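Welcome, and please take a moment to look over the structure below. The report that follows walks through it one region at a time.

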Amino acid sequence: MGLDSKIDLKAKFRGALLGSAVGDALGAPVEGYDMEMVRSVYGGEWEMIYGRYTDDTEMTIGVAESLIENKGFNGADMALKFIQNYNVKRGYGPGSKEVLRRIREGESLADASGKLFGGRGSYGNGAAMRIAPVGLFYFDTSDMLWEIAYKSSNITHSHELGKAGAALQALAVALAVRGQKEDMLLKLKEVVKTVMYTSKLGKLKALLDEGATKKRVISELGNGVVAFESVPTAIYSFLRSDNFKDSVVYAISLGGDTDTIGAMAGAISGAYYGEAAIPKAWLERLEDGEKGRSYIKKLAEDLCQIKLQLLQGRY
Ligand code: R7I
Ligand code: MG
Ligand code: MG
């Protein structure tokens with residue numbers, strides 16, 4: 001696919017990474033809450049409470065840093081970035097915690113993630129929640145995108161459902177960069193092979209058509225910590241909305257894994273609408289210390305710069 005010169009790629013890259021961090025930080029204080037409890041915290045105001053991001057963003061930063069430094073995918077380096085950035089206080093899932101410990105202690109990359117959950121690997125959403133930079137960097141090449149989404153997921157999530165969920169989320173981000181919202185579902189269906197996701201995408205379409213209640217969305221798609229619940233729900237949140245704020249607010253209002261569904265909806269919406277669509281008040285409250293808001297913005301710019309140079313054949 002050639003690059004459409006009308007697309008402001010930098011605004012979209014910044015939108016995706018900042019949008020993801022904002023969704024994470026907004027969802028974090030209510031992670032694990034049900035719909036009513038979320039409403040009692042946020043009311044109708046939806047003001048950013050702490051602005052502190054969680055593991056979702058910390059790992060996204062690692063993915064971006066590694067893609068930038070290597071001008072593409074390097075699994076050993078990406079794992080190293082995860083380990084270097086790791087801060088237990090950011091609230092990692094138990095599986096990811098264990099894999100990172102195993103790698104840190106010298107276990108081979110190829111083996112570490114496969115040992116989880118009785119040797120089947122994790123299908124948690126931890127690979128999907130961090131995949132936005134892959135969706136951005138490979139936005140113009142679906143085959144590469146799919147391959148790298150799988151490889152980067154495999155570092156911590158070796159279960160097919162964990163990897164396919166991440167690839168689906170990456171492709172949603174890529175299609176959003178390309179401005180393909182109308183035919184997003186169609187395009188996703190074309191590449192998805194796993195029955196679980198084919199079935200979820202079918203339900204997603206039916207729910208959009210009927211203008212479903214939140215209760216139905218939760219019971220049909222799910223809002224839990226496993227990839228096959230939260231990824232379809234994040235995509236649904238984007239598709240049912242016509243602006244960044246509504247999409248992220250809706251994603252979090254469902255309760256459940258709110259930081260992660262918020263982050264994934266924020267990544268897709270940010271990639272589609274661009275940085276300017278993110279409410280300023282949310283952005284201003286997003287933490288800005290070491291590897292905070294300014295750093296994330298710079299990562300998005302660097303990732304974009306390298307992508308543009310690659311497209312122009314400069315490397
Ligand atoms: O996927 P992961 O990194 O967790 C990410 C979540 C996000 O919500 C973050 O915001 C953070 O809070 O954590 O961590 P994993 O432990 O690999 O997967 C998450 C959960 O999914 C696990 O703790 C299990 O409950 C479930 N799960 C599985 N359950 C049974 N069998 C994942 N894989 C399996 C499985 O194979
Ligand atoms: Mg989190
Ligand atoms: Mg979460």
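Let us begin with one residue: Asp-259 is buried, with a relative accessible area of 0%. Here buried means under 20% relative accessible area, exposed means over 50%, and partly exposed is in between, using a 1.4 Å probe and protein chains only.

Before going further, a word on the source: this is a predicted model, in which local features need pLDDT of at least 70, side-chain atom pairs count only at pLDDT 80 or more, and totals for chains, interfaces and linings use all residues. Residues are numbered from 1 along each chain as its sequence is written, chains are lettered from A and ligands numbered from 1 in the order in which they are written, and side-chain values use heavy atoms, with hydrogens and water left out.

## The two magnesium ions

What does Asp-259 bridge? Asp-259 bridges the magnesium ion (ligand 3) and the magnesium ion (ligand 2), which lie 3.7 Å apart. Glu-31 lies in the loop between helix H1 (9-27) and helix H2 (35-42), while Asp-259 belongs to helix H16 (residues 258-273), so this pair ties together parts that are 228 residues apart in sequence. Helices here are DSSP runs (H or I, at least four residues), numbered from the N terminus. Unlike the buried Asp-259, Glu-31 is partly exposed, with a relative accessible area of 40%.

The table sets out the protein donors of each ion. Donors are N, O and S atoms within 2.8 Å of the metal (3.2 Å for Na, K and Ca); water is not among the atoms, so sites may look incomplete.

| Ion | Protein donors | Distance from the ion |
|---|---|---|
| Magnesium ion (ligand 3) | Glu-31 (OE), Asp-257 (OD), Asp-259 (OD), Thr-260 (OG1) | 2.0 to 2.3 Å |
| Magnesium ion (ligand 2) | Thr-54 (OG1), Asp-55 (OD), Asp-56 (OD), Asp-259 (OD) | 2.1 to 2.3 Å |

For the magnesium ion (ligand 2), the donor residues are spaced T-D-D-x202-D in sequence. Asp-56 sits in helix H3 (residues 55-70) and Asp-259 in helix H16, so that pair ties together parts 203 residues apart in sequence. Both Asp-56 and Asp-259 are buried.

Along the chain, the donors of the magnesium ion (ligand 3) follow the spacing E-x225-D-x1-D-T. What is the geometry of the site of the magnesium ion (ligand 3)? The site is octahedral, with angles of 78 to 177° among its 6 donor atoms. Six donors count as octahedral if opposite donors are over 155 degrees apart and all others between 65 and 115.

## Around ligand 1

Now to ligand 1. How many residues surround it? There are 22, and the closest are Gly-95, Ser-96, Ser-122, His-157 and Asp-257. A residue is counted if one of its heavy atoms lies within 4 Å of the molecule. Asp-257 is also one of the protein donors of the magnesium ion (ligand 3).

Several polar contacts (pairs of N or O atoms within 3.5 Å) involve the oxygen atoms of ligand 1. In the side chain of Glu-31, an N or O atom is 2.9 Å from an oxygen atom of ligand 1. A polar backbone atom of Asn-125 is 3.4 Å from an oxygen atom of ligand 1, and a backbone N or O atom of Gly-93 lies 3.5 Å from one. On its own, ligand 1 has 700 Å² of accessible area, of which the protein covers 83%. Accessible areas come from the Shrake-Rupley method with a 1.4 Å probe.

## Helix H10

Next comes helix H10 (residues 160-177). Its 18 residues, at 1.5 Å a residue, should span 26 Å, and its end C-alpha atoms are 26 Å apart, which agrees. The expected span is 1.5 Å times one less than the number of residues. H10 is mostly covered, with 17 of its 18 residues buried. Just after H10, Gly-179 takes a positive phi of about 80°.

## Positive phi beyond glycine

Phe-117 is not a glycine, yet has a positive phi of about 45°. Phe-117 is placed in helix H7 (residues 116-119), and at 54% relative accessibility it counts as exposed. Lys-291, also not a glycine, has a positive phi of about 55°. Lys-291 lies in the loop between helix H17 (280-285) and helix H18 (293-311), and at 23% relative accessibility it counts as partly exposed.

Technical notes:
Helix = DSSP H or I, 4+ residues; strand = E, 2+ residues; numbered from the N terminus. Tetrahedral: all angles 85-135°; square planar, octahedral: opposite > 155°, others 65-115°. Polar contact = N/O pair within 3.5 Å; in protein donor to acceptor, adjacent residues only side chain to side chain.
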